[in-house]
Protein chains: 2
Amino acid sequence: MGKNLTPFLLREQIRSGNWTGPTSGVATGYVQTNLVMLPKDVAFEFLLFCIRNPKPCPILDVLEPGQVEPTIAPDADLRTDVPKYRIFRHGNLEKEVTDVTDLFDREMVSLLLGCSFSFENALLAAGVPVRNIEEGKNVSMYITSRKCRSAGRFKSSLVVSMRPMTPEQAVRAIQVTTRFHLTHGAPVQLGASRDIGIKDLSRPDFGDPVEIKPGEIPVFWACGVTSTLAAISASLPLVITHSPGHMFVSDLKDEELTLL
Amino acid sequence: MGKNLTPFLLREQIRSGNWTGPTSGVATGYVQTNLVMLPKDVAFEFLLFCIRNPKPCPILDVLEPGQVEPTIAPDADLRTDVPKYRIFRHGNLEKEVTDVTDLFDREMVSLLLGCSFSFENALLAAGVPVRNIEEGKNVSMYITSRKCRSAGRFKSSLVVSMRPMTPEQAVRAIQVTTRFHLTHGAPVQLGASRDIGIKDLSRPDFGDPVEIKPGEIPVFWACGVTSTLAAISASLPLVITHSPGHMFVSDLKDEELTLL
């Protein structure tokens with residue numbers, strides 16, 4: 001359901017309120033993105049954070065203050081075209097909404113950052129299993145002990161997503177995801193969960209736990225949720241992000257982002 | 001001469017005034033960069049320009065206002081460690097100097113952008129000739145008819161560098177430079193000079209003309225000089241850049257920037 005929708009038609013469904021659910025697996029082959037909206041007077045500092053941490057925060061588009069139409073999806077409106085938004089006040093989640101037209105103003109800047117849904121499609125195409133898709137769950141995400149490089153008032157621990165697979169499949173997954181350097185690229189760790197501060201794989205900080213079968217190792221990729229943690233770390237009066245799993249769907253094709 | 005200098009020792013020579021010449025071919029294997037310094041109140045807009053034009057303006061480092069020590073060369077000082085600087089006032093070249101300590105202030109932001117010297121080493125290592133190095137000249141650079149995407153008050157035509165080679169060598173050059181996506185990456189054009197508005201290859205807009213031998217085609221890469229044209233396009237009271245060919249030499253190794 002929604003797998004074969006074009007991004008244009010999907011966004012139309014979202015804008016009209018007919019689609020408020022997650023976007024995993026819909027409009028297959030098109031780039032989905034994380035969204036961060038924040039005041040323009042901190043936009044430079046936040047851009048620095050992203051530039052200094054390109055694995056978790058790959059920049060796909062940055063709009064000028066007040067603009068709502070991304071270049072990677074002309075005719076879209078970022079105030080209405082995300083299925084669910086999160087509103088943070090002074091670093092705390094206030095509520096989730098499906099439209100931010102009344103909150104977004106000319107003093108705010110929007111950033112769109114790469115999302116791992118792009119390489120999940122490529123993993124499946126390469127015959128590498130994606131457990132969270134097999135189990136119909138949200139991917140397991142963990143806050144690691146690795147600190148990102150900070151920028152001004154923005155700081156965050158690195159958040160990773162985890163997919164279990166055999167070592168042989170991990171080799172293939174590294175090859176495949178290396179090509180997708182703008183949607184988190186190659187893994188940041190494999191196997192050694194404790195080395196990055198993860199004590200219990202069955203208790204992710206975000207998303208759902210998935211089964212790890214005998215002979216499988218956890219493979220960790222940098223995760224866009226890092227950008228949300230960074231954005232709210234500055235305790236700003238207002239930060240708007242997408243709700244986890246409820247991404248913005250662009251007109252870019254996954255393959256357009258690959259290097260080779 | 002200087003080929004085997006470490007970046008640290010080379011910068012020491014530059015800082016003490018013993019090295020004021022070009023940096024092509026020195027400290028081989030280390031990443032050299034373009035430099036742009038401009039007021040912090042336009043830094044966000046200029047970053048947008050670079051983000052929107054990643055082929056000519058690949059961002060390697062951005063310093064916070066007033067900072068002079070890049071993360072890609074701890075202990076360096078950007079006010080003294082470039083052999084020659086250009087000072088632009090209201091978009092016009094005022095002078096060239098070897099130290100900007102008296103001009104740079106706490107209100108300015110420095111950006112370091114990738115430079116093609118990195119892939120020239122890789123081309124030579126792969127057996128592809130680099131004519132400008134063979135002839136001991138500065139590479140030929142042309143202002144094309146292609147417009148970059150603008151950002152706020154910053155705009156520029158795309159500037160390209162050109163290296164002549166056989167079609168077979170061009171295939172290899174495309175493979176080799178694709179790996180170097182942060183130092184301009186794969187070519188933007190080959191053969192069809194007129195399609196990008198270049199009427200006479202023997203009259204480059206910057207650098208020197210080089211010989212094009214029978215059977216060779218011109219191969220064009222996006223060029224960092226684009227960032228200088230963009231920076232001065234806003235007619236700001238003060239913009240500081242490196243002088244063409246007189247780059248900042250970082251501690252990063254060329255291979256650290258490659259994807260594969």
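Where is His184(B) found? I looked there before anything else, and His184(B) turns up in the loop between helix H5 (167-178) and strand E8 (189-190) of chain B.

**Ground rules**

I am working with a predicted model, in which local features need pLDDT of at least 70, side-chain atom pairs count only at pLDDT 80 or more, and totals for chains, interfaces and linings use all residues. Residues are numbered from 1 along each chain as its sequence is written, chains are lettered from A and ligands numbered from 1 in the order in which they are written, and side-chain values use heavy atoms, with hydrogens and water left out. Helices (H or I, at least four residues) and strands (E, at least two) are DSSP runs, numbered from the N terminus.

**Entry 1: His184(B)**

I checked burial and got a relative accessible area of 2%, so His184(B) is buried. My cut-offs are under 20% relative accessible area for buried, over 50% for exposed and in between for partly exposed, with a 1.4 Å probe and protein chains only.

Next I looked up polar contacts, meaning a pair of N or O atoms within 3.5 Å; within protein, one must be able to donate a hydrogen and the other to accept it, and residues adjacent in sequence count only if both atoms are side-chain atoms. The His184(B) side chain reaches the backbone oxygen of Lys55(B) at 2.8 Å. That side chain also reaches the backbone oxygen of Ala222(B), at 3.4 Å.

For contacts in general I take heavy atoms within 4.5 Å. Leaving aside neighbours within four places in sequence, I find His184(B) in contact with residues including Pro56(B), Pro58(B), Cys115(B), Phe119(B) and Cys223(B).

**Entry 2: cysteines**

How many disulfides does the structure hold over all chains? I get 0. A disulfide is a covalent bond between the sulfur atoms of two cysteines, and the test I use is a pair of cysteine sulfur atoms within 2.5 Å. In chain A, the cysteine sulfur closest to that of Cys57(A) is in Cys50(A), 4.6 Å away, which is too far for a bond. Cys57(A) is buried, with a relative accessible area of 1%. Over in chain B, Cys57(B) is in no disulfide, and the nearest cysteine sulfur, that of Cys50(B), is 4.6 Å away. Cys57(B) is buried, at 1% relative accessible area.

**Entry 3: aromatic rings**

I pair rings of Phe, Tyr and Trp (its six-membered ring) if their centres lie within 6.5 Å; planes under 30 degrees apart count as stacked, over 60 as edge-to-face and the rest as tilted. By this rule I count 8 aromatic pairs over all chains. One of them is Phe46(A) with Phe154(A), edge-to-face at 5.1 Å centre to centre and 75° between the planes. This pair links distant parts of the chain, 108 residues apart: Phe46(A) is in helix H2 (residues 43-52) of chain A, and Phe154(A) is in the loop between strand E6 (140-147) and strand E7 (157-165). Both Phe46(A) and Phe154(A) are buried.

In chain B I looked at Phe46(B) and Phe49(B), with ring centres 6.3 Å apart and planes at 20°, so this pair is stacked. About one helical turn separates Phe46(B) and Phe49(B), because they are 3 residues apart in helix H2 (residues 43-52) of chain B. Phe46(B) and Phe49(B) are buried. Back in chain A, ring pairs link Phe46(A), Phe49(A) and Phe154(A) into a cluster.

**Entry 4: helix H1 of chain A**

Which residues of helix H1 (residues 7-15) of chain A are buried? I noted Pro7(A), Leu10(A), Arg11(A) and Ile14(A). They cover an arc of only 95° around the axis (taken from the directions from the helix axis to the C-beta atoms), which puts them on the same side of H1(A). The buried residues of H1(A) pack against strand E1 (30-39) and strand E11 (248-253) of chain A. After H1(A) comes Gly17(A), with a positive phi near 85°.

**Entry 5: the two copies**

I superposed the copies by least squares on the C-alpha atoms of residues with pLDDT of at least 70 in both. A turn of 180° and a shift of 0.0 Å along the axis lay chain B on chain A with an RMSD of 0.0 Å. That is the relation of a two-fold axis. In chain B, the C-alpha nearest the axis belongs to Phe44(B), 2.5 Å from it.
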